[in-house]
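Here are my notes on the model you sent round, set out as numbered points. Please read them with the coordinates open beside you.

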Amino acid sequence: MEERALEDFEKSDGALRTIKDLGAGAAGGIAQVLLGQPFDIVKVRLQTTTQYAGALDCASKILKNEGPAAFYKGTLTPLIGIGACVSVQFGAFHEARRRLEELNKKKYADSSLSYGQYYMAGGFAGLTNSVLSGPIEHIRIRMQTQPHGADRLYNGPIDCIRKLSAQGGVLRGLYRGQNVTYLREIQAYGMWFLTFEFLMNQDAKRNNVKREDISSLKVATYGGLAGEALWLSSYPFDVVKSKMQCDGFGAQQQFKSMTDCFKKTYAAEGLAGFWKGIGPTLLRAMPVSAGTFVVVELAMKAMGRQLHAFSRQARTLNSLNRFYSTEPPVDTTLQTRIKERSAEIESRYQNDAVPERISRRRAEQLAWKARGERRYKFQDLGSSVTDAYKPEDIIRNPPRPSDVTLELLLASQTHLGHSTSRWNPQNSRYIFGIRDGIHVISLDVTAAYLRRAAKVVEEVAARGGLILFVGTRKGQKRYVVRAAELAKGYHIFERWIPGSLTNGQQILGHCETKVVNAMDDEIPKYREALADRSVLKPDLVVCLNPLENVVLLHECGLNNVPTIGVIDTDADPTRVTYPIPSNDDSMRAIGVIAGVLGRAGEAGQQRRLENAKNGVLSYPPLNPEHLLSPERLAELAQIEAANAAANAEAAELANKVDEAAKSIETEQASTPKETEQPAEPQPEPQAQVPETEKPAKPQPEQPKTQAQAPETPVKDQ
């Protein structure tokens, strides 16, 4: 049972990390007190009294009048208290950092913290620490500023706590100056952790090493610089805090509140009063802060190794106990459910009585029906596969950047690298670990870099850029062509011809070039002008197998063309602009990456066309003067002017025709009204018909047609 409990405790990473943080912080706090106590007593004496000319004068008088042991007055309280305070500082900082990393991972899929978040985590650590550091530093200051010899006020820390509590209670006695302590701790430790993390991250990024591989000398240097930043940013608050905590009680109290202390200090000493004792403080901050961070880092490494070894032994003992255990195995819920359903079905068919007088054929039919029913019942048991892998889905419906998850990348085998003997050391920041002699790529890094590359493709497509997809390895043709179709780009799935960019006029000079408008419609009048123009170069190149296309990447670098490449553990990430750490041998991984980038290009093209419909161009339009000569521009201007004049004449003629037609229609509408009054009798229309055309008597309908005859010339006219 003990081994099992220990294994469960080992599985809870939060408990182990908290123990490591608190233990390492306690070790760093003890080192901080032992290194900084002599400097601290000089600082407090200079802040609270005016009888010393400077730091050297103060140190010499303390050594002369009180002896060497006076530099460690009141050490017991901070040795216990500061150890607890630093332990709380580092524990709270790392806990806040982990919380912020989880928040970033959920929101942005990238767990790295910004420097503002580092400051927030440090401020939270200072705020948590101030609950302990306030009374501890109050007792320490009282012990350090009391007279020497028989006139001293306190016999020890316990006596000091008792007398302070008796004077003003716990809140006004022990926690005097707590408000300014809050301000000092938040500002101080926010800058402390921010400066240290910034220097460590920059060093790891600059030298391309892991944080754990940074030497102790550099850790000490960065820790010392962080200590300097701590005091330079919070020293005025510390001066006010020291003045308030060494102030008297009752009638002897000089400062009523924090603001009153600020006002009286400024009125009496000016701005210089807030920086008294800064010299020994900065002198003390460098070794104390350096020692603290070095001890914390070493303690965390040592405790990590010990806990790892201890947990490994516990796992071994636990596995042996389970192997030799005589207890029956514990059934899971699924196993119990399967057994219950199986027993129910079997008992049902075993208890069914079969009639004795039944034919053999009928018995076989009943048995067949029972087997089919049993098979149907058992289909409900066990697990069901919901998301099955279908290779054609990556071609037909590629995933979008928003669909990228760690499960998808894991199923696509993007985490599998090459053998450790073939690795490129520059890929160390992308590698999660080693399994069976093979490097395992971090899926978090792959997801973050893939989303970044997708954003680059989308923005290039949205600005009307030319995107070239290259995949010359066997099996990559379909994915390259599909990605280029989605992004409206270009593709190469065969060998890259060397010199296609550096000597493009000779190799690609026969390729057709056209000028299009914002809606991608060709403008034919510039076709002749592009015959002698230099060939176009891509604005972005996506290479799915950089190892076989080193010449392509070199030419892109010479022509300042950005590149995106799938980088395996044996590739060089510095050859591409935007690397995507992934397995480049798996066609499924290549299909997912190409599909995501193609979908990103498709989204960019849709956004560009929507903006063009609204009259917004996402790229500067091309000036016609850059394409055509002045003579050709003048000729085109004359042709356009002639066409405009012809169109104007045609429009004017059309207007005249329309006016004439309207006038004829009005005349036609008014003419029947005038002829209706004299022509009321019906026989009159026959008198208008000539005698030669007069119809015979047996045709009574002929006058109607003759009466309609005069209307046709009017219409023709």
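1. I begin with Glu 137, which is buried, having a relative accessible area of 8%; the cut-off for that label is under 20%. Please keep in mind here, and in every point below, that this is a predicted model.

2. As for its setting, Glu 137 belongs to helix α5, which spans residues 115-145. When residues up to four places away in sequence are set aside, Glu 137 touches Arg 184, Lys 241 and Gln 245. The C-alpha atoms of Glu 137 and Tyr 175 are separated by 9.8 Å, although these two residues stand 38 residues apart along the chain.

3. A second site worth inspecting is a nonpolar surface patch of about 220 Å², to which Leu 127, Tyr 182 and Ile 186 contribute. Of these, Ile 186 lies in helix α7, which covers residues 178-207. Is Ile 186 buried or exposed? Neither word applies, because its relative accessibility is 30%, and a value between the limits of 20% and 50% is classed as partly exposed.

4. Turning to the strands, I would look at the open sheet in which three of them follow the order β1-β3-β2, with antiparallel pairing. Which strands stand at the edges of this sheet? They are β1 (416-419) and β2 (431-435), and each has a single partner strand, so that one side of each is left without a neighbour in the sheet. From one strand to the next, the twist averages 30 degrees.

5. Within that sheet, the pairing between β2 and strand β3 (residues 438-441) is antiparallel and extends over four bridges. If you wish to check the register by hand, one place to look is Gly 433, whose bridge partner in β3 is Val 440. As general background, the strands of a sheet pair through backbone hydrogen bonds, in either a parallel or an antiparallel sense.

6. For the protein as a whole, the assignment gives 23 helices and eight strands. The protein has 717 residues, of which 38% count as buried, and about 42,500 Å² is exposed, with carbon and sulfur atoms supplying 56% of that area.

7. Lastly, on the contacts, what share of those with a separation of 6 or more comes from residues 24 or more positions apart? The computed figure for the protein is 70%, and the pair totals behind this figure are drawn from the same predicted model.

Conventions: Residues are numbered from 1 along each chain as its sequence is written. This is a predicted model: local features need pLDDT of at least 70, side-chain atom pairs count only at pLDDT 80 or more; totals for chains, interfaces and linings use all residues. Side-chain values use heavy atoms; hydrogens and water are left out. Patches are made of residues with over 30% relative accessible area and no salt bridge: like charges are joined within 9 Å, nonpolar side chains (Val, Leu, Ile, Met, Phe, Trp, Tyr) within 5 Å. Accessible areas come from the Shrake-Rupley method with a 1.4 Å probe; for residues, only the protein chains shown count as cover. A salt bridge is a side-chain nitrogen of Lys or Arg within 4 Å of a carboxyl oxygen of Asp or Glu. Helices (H or I, at least four residues) and strands (E, at least two) are DSSP runs, numbered from the N terminus. Buried means under 20% relative accessible area, exposed over 50%, partly exposed in between (1.4 Å probe, protein chains only). Contact means heavy atoms within 4.5 Å. Two strands pair if DSSP finds at least two bridges between them. Axes are lines fitted to C-alpha atoms, for helices over the stretch in contact, and angles run from 0 to 180 degrees between N-to-C directions.
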